[in-house]
Amino acid sequence: MKTHFFSAVTMTLATFVLLVIIYPLLVWGAALVAPAQGDGETVEFNGRVVGFAKVGQKFTNDAYFWSRPSAVDYNAAGSGGSNKGPSNPEYLAQVQARIDTFLVHNPSVKKADIPAELVTASGSGLDPNLSPQAAYVQVARIANLRHLPENQLKTLIQQHTDAPLVGLFGPKKVNILALNIALDKMK
């Protein structure tokens, strides 16, 4: 029994040192060499910080591109999804309410043309990106309110569309904060 007891204590201490001391130090060290030293990449506009490049934000003003809904109200301290299944009645009612709201603000769009990402939250609740299609479906509303040609807005979306990593991994995406900042810069 003594042999197993000392082996168990030794293994517990070794695991403790590895997972509580060494691993966190390695992660902290990696963060120090990352951009912004692990504090997040802030985005500035007109001399003030307006958000983070990799964290979604709430945009509901009709003159801007709307972002993806968030189950955690864009709170980066508590990221997470709704954890409700696709057949949950409460979830379905929430998605239907988002669809109804979107259609009221975008009367030229048909229900079938609304990308799912505009009415469903991401797994983290903090996704800063949309597909180009989700941005294009909002062009008519923004062009009307800002008195801009739709082609000019479509070109802006194309300029802010990121290709998949190495041309293979992931879909094309548009960072909504960067797109809305570029929209404000247009005169």
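**The largest cavity and its surroundings**

The largest cavity is lined by Val 55, Gly 56, Gln 57, Phe 59, Ser 67, Asp 127, Pro 128, Ile 176 and Leu 177. The structure is a predicted model. About 40 Å³ of space lies in this cavity. One cavity of 30 Å³ or more was counted.

Ser 67 is one of the lining residues. Ser 67 sits in the loop between β2 (48-52) and α2 (89-105). The relative accessibility of Ser 67 is 10%. Ser 67 therefore counts as buried, the cut-off being under 20%. Two backbone atoms lie within reach of its side chain. The backbone oxygen of Gln 57 is 2.4 Å from the side chain of Ser 67. The backbone nitrogen of Phe 59 lies 3.5 Å from a polar atom of that side chain. Gln 57 and Phe 59 also appear in the lining of the largest cavity. Beyond its neighbours within four places in sequence, Ser 67 contacts Gln 57, Lys 58, Phe 59, Tyr 74, Leu 118, Leu 130 and Ile 176. Of these partners, Ile 176 is another lining residue of the cavity.

Tyr 74, a contact of Ser 67, is likewise found in the loop between β2 and α2. Phi of Tyr 74 is near 65°, a positive value in a residue other than glycine. With a relative accessible area of 16%, Tyr 74 is buried. Ala 77 also lies in the loop between β2 and α2. Ala 77 is exposed, and its relative accessible area is 77%. From Ala 77 to Leu 148 the C-alpha to C-alpha distance is 37 Å, with their positions 71 residues apart in sequence.

A positive phi occurs at Asn 46 too, near 55°, again in a residue other than glycine. Asn 46 belongs to the loop between β1 (42-45) and β2. Its relative accessible area is 69%, and Asn 46 is exposed.

Asn 175 is located in strand β5 (residues 173-175). A relative accessible area of 14% makes Asn 175 buried. Its side chain has polar atoms placed against two backbone atoms. One lies 2.8 Å from the backbone oxygen of Ala 53. The backbone nitrogen of Ala 178 lies 3.0 Å from a polar atom of the Asn 175 side chain. Residues up to four places away in sequence aside, Asn 175 touches Ala 53, Pro 128, Asn 129 and His 160. Pro 128 is in turn part of the cavity lining.

Helix α6 covers residues 176-185 and includes Ile 181. Ile 176 and Leu 177, which line the largest cavity, fall within the residue range of α6. Ile 181 is buried, at 11% relative accessible area. Ile 181 touches Val 43, Phe 45 and Val 50, not counting residues up to four places away in sequence. Val 43 and Phe 45 fall within the range of β1 (42-45), and Val 50 within that of β2 (48-52). Ile 181 and Gln 57 are 124 residues apart in sequence. In space, their C-alpha atoms are 12 Å apart.

Helix α2 has 17 residues. From its first C-alpha to its last, α2 reaches 24 Å, close to the 24 Å expected at 1.5 Å a residue. Seen down the axis of α2, the buried residues fall within an arc of 100°, so they line one face of the helix. These buried residues are Tyr 91, Val 95, Arg 98, Ile 99 and Phe 102. Their cover includes α4 (139-146). On the other side of α2, Pro 89, Glu 90 and Val 104 are exposed. The N-terminal end of α2 is capped by Asn 88. A side-chain oxygen of Asn 88 lies 2.8 Å from the backbone nitrogen of Glu 90.

Methods
Residues are numbered from 1 along each chain as its sequence is written. This is a predicted model: local features need pLDDT of at least 70, side-chain atom pairs count only at pLDDT 80 or more; totals for chains, interfaces and linings use all residues. Side-chain values use heavy atoms; hydrogens and water are left out. Helices (H or I, at least four residues) and strands (E, at least two) are DSSP runs, numbered from the N terminus. Buried means under 20% relative accessible area, exposed over 50%, partly exposed in between (1.4 Å probe, protein chains only). A polar contact is a pair of N or O atoms within 3.5 Å; within protein, one must be able to donate a hydrogen and the other to accept it, and residues adjacent in sequence count only if both atoms are side-chain atoms. Contact means heavy atoms within 4.5 Å. The expected span of a helix is 1.5 Å times one less than its number of residues. The arc is that of the directions from the helix axis to the C-beta atoms. On a 1 Å grid over the protein atoms alone, a cavity is a set of points where a 1.4 Å probe fits but cannot get out, and a pocket is an open set with protein on both sides within 12 Å along at least five of seven lines; lining residues have an atom within 4 Å of a point. Grid points are joined across faces, edges and corners, and a volume is the space filled by probe spheres set on the points.
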